[in-house]
Amino acid sequence: MQAQTTTTELREQLEKIVADKKATVGISVLGLEDGDTLSMNGDRNFPMMSIFKFHIALTVLKKVDNGALSLKQKIFISSKELLDTWSPIKDKYPAGNITLTLDEILMYTVSHSDNNGCDVLLRLIGGTQVVQEYINTLNIGSFVIRYNEEQMASGELAKVNTTTPLATTKLLSLFYNYKLLEKKTTRYLNELMEQNSRGKALIKGKLPTGTKVAHRTGMSGTDDKGLQIALNDVGIITLPNGKHYAVAIYLNNITENKETAEGLIADVSKSVWDYFISKSN
């Protein structure tokens, strides 16, 4: 039987993982059944990048719960709305002028991080301010969303949309415990996050094959000086014993190569997994 790891030992492991890395790292861990917590730079603000697609989806689905929107409703997307960006929608419908259901756009946005789909959703609900106002009501801590994906492409504006690791795990906990959405829409969004096709080398990178990970990734490109603004992954992990924990891992101002930065997140995630596994033995 594996000896139980203490939170002190876990913290030491995490500090060792990040010690020599050329990046600012923020981590928050929260056991969703037992409330066990640990954080490093937990109150520090980090650029979210596409992490905010989770917050946007929550806002959209709150309107579904309230009857203001329907997953079956059809939404027209013009050719002008399909910009040259990361967009599986544009890949499939390059000419645009298409009609998709809200369900389909959420799938593209949450599961495949579609930037055009994201901005279609923001236009549908009235812009980033509507998301800001909704998240403000939840009292999770620091959260700022001012710019959409098209605006964030400028680089500098991408640094404005921020949150903290602690605010993220608090939000994930509220979501998991059905405090935000109806049970049906909670399960629906959780499934979309489990189907995330992005960031397979991040939180999921070193976890056992088949582990359920409902997560949302967020990453910037790298500039010509080798600086990457952000590489993030946050989510809810299901343990073999049926319990769960939330984890938020944010990297900022990264000058490591892609493999090292991704490996950092994967190593942090594996250490957290091992900690919770040791507790369940």
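This passage walks through two sheets, two residues of one helix, and a pocket in a predicted model.

Let's start with the five-stranded sheet. Its strands line up in the order β2-β1-β10-β9-β8, the sheet is open, and the pairing is antiparallel. Strands of a sheet hold on to each other through backbone hydrogen bonds, and they can do this in a parallel or an antiparallel way. At the edges stand β2 (37-40) and β8 (213-219); each has a single partner strand, so one side of each is left without a neighbour in the sheet. From one strand to the next, the twist averages 5 degrees.

Two helices pack on this sheet. Helix α1, made of residues 7-18, touches β1 (24-31) and β2, and its direction makes about 25 degrees with that of β2. Helix α10, residues 258-280, touches β1, β9 and β10 (244-254), and here the angle with the direction of β10 is about 155 degrees.

Strand β9 deserves a look of its own. It pairs with β8 through 7 bridges, with β9 covering residues 228-238 and the two strands running antiparallel. Two of the residue pairs can be picked out by name: Arg216 has Val234 of β9 as its bridge partner, while Val213 is matched with Ile237 of β9. β9 is also joined to β10, again antiparallel, by 10 bridges. Here Asn232 sits opposite Tyr250 of β10. The hairpin of β9 and β10 has 5 residues between the strands, and in this hairpin Gly242 takes a positive phi near 90 degrees. As for its surroundings, β9 is largely enclosed by the rest of the structure, because 10 of its 11 residues are buried.

There is also an open sheet of 3 strands, ordered β3-β7-β6 with antiparallel pairing. Its edge strands, β3 (46-47) and β6 (143-144), each pair on one side only. β6 meets β7 (residues 162-163) over 2 bridges in the antiparallel sense, and the bridge partner of Val144 in β7 is Thr162.

Now for helix α4, where two residues stand out for a closer look. Thr109 is in this helix, and with a relative accessible area of 1% it falls under the 20% cut-off, so it counts as buried. Leaving aside neighbours within four places in sequence, Thr109 is in contact with Lys53, Asp114, Gly117, Cys118, Leu121 and Arg216. With Cys118, the side chain of Thr109 reaches the backbone nitrogen at 3.3 Å. Thr109 and Ile56 are 53 residues apart along the chain, yet their C-alpha atoms are separated by 9.6 Å.

Ser111 also belongs to helix α4, which spans residues 102-112. Its relative accessibility is 0%, so Ser111 is buried. Residues up to four places away in sequence aside, Ser111 touches Leu106, Leu192, Gln195, Asn196, Ser197 and Arg198. For Leu192, the backbone oxygen lies 2.8 Å from a polar atom of the Ser111 side chain.

Last comes the empty space. Rolling a probe the size of a water molecule over the atoms shows where such space is left. The largest pocket holds about 550 Å³. A total of 30 residues line this pocket, and Met49, Met152, Ala153, Met219 and Ser220 lie nearest its centre. At least two lining residues come from each of α5 (115-125), α7 (149-152) and β8. That brings back β8, one of the edge strands of the five-stranded sheet.

How values were computed: Residues numbered from 1 in each chain as written. Predicted model: local features only at pLDDT ≥ 70, side-chain atom pairs only at ≥ 80, totals over all residues. Heavy atoms only, no water. Pairing = 2+ DSSP bridges. Helix = DSSP H or I, 4+ residues; strand = E, 2+ residues; numbered from the N terminus. Axes fitted to C-alpha atoms, helices over the stretch in contact; angles between N-to-C directions. Contact = heavy atoms within 4.5 Å. Buried < 20%, exposed > 50% of the residue type's maximum accessible area, 1.4 Å probe, protein only. Polar contact = N/O pair within 3.5 Å; in protein donor to acceptor, adjacent residues only side chain to side chain. 1 Å grid on protein atoms, 1.4 Å probe; cavity = no way out; pocket = protein on both sides within 12 Å on 5 of 7 lines; lining within 4 Å. Points joined across faces, edges and corners; volume = space filled by probe spheres on them.
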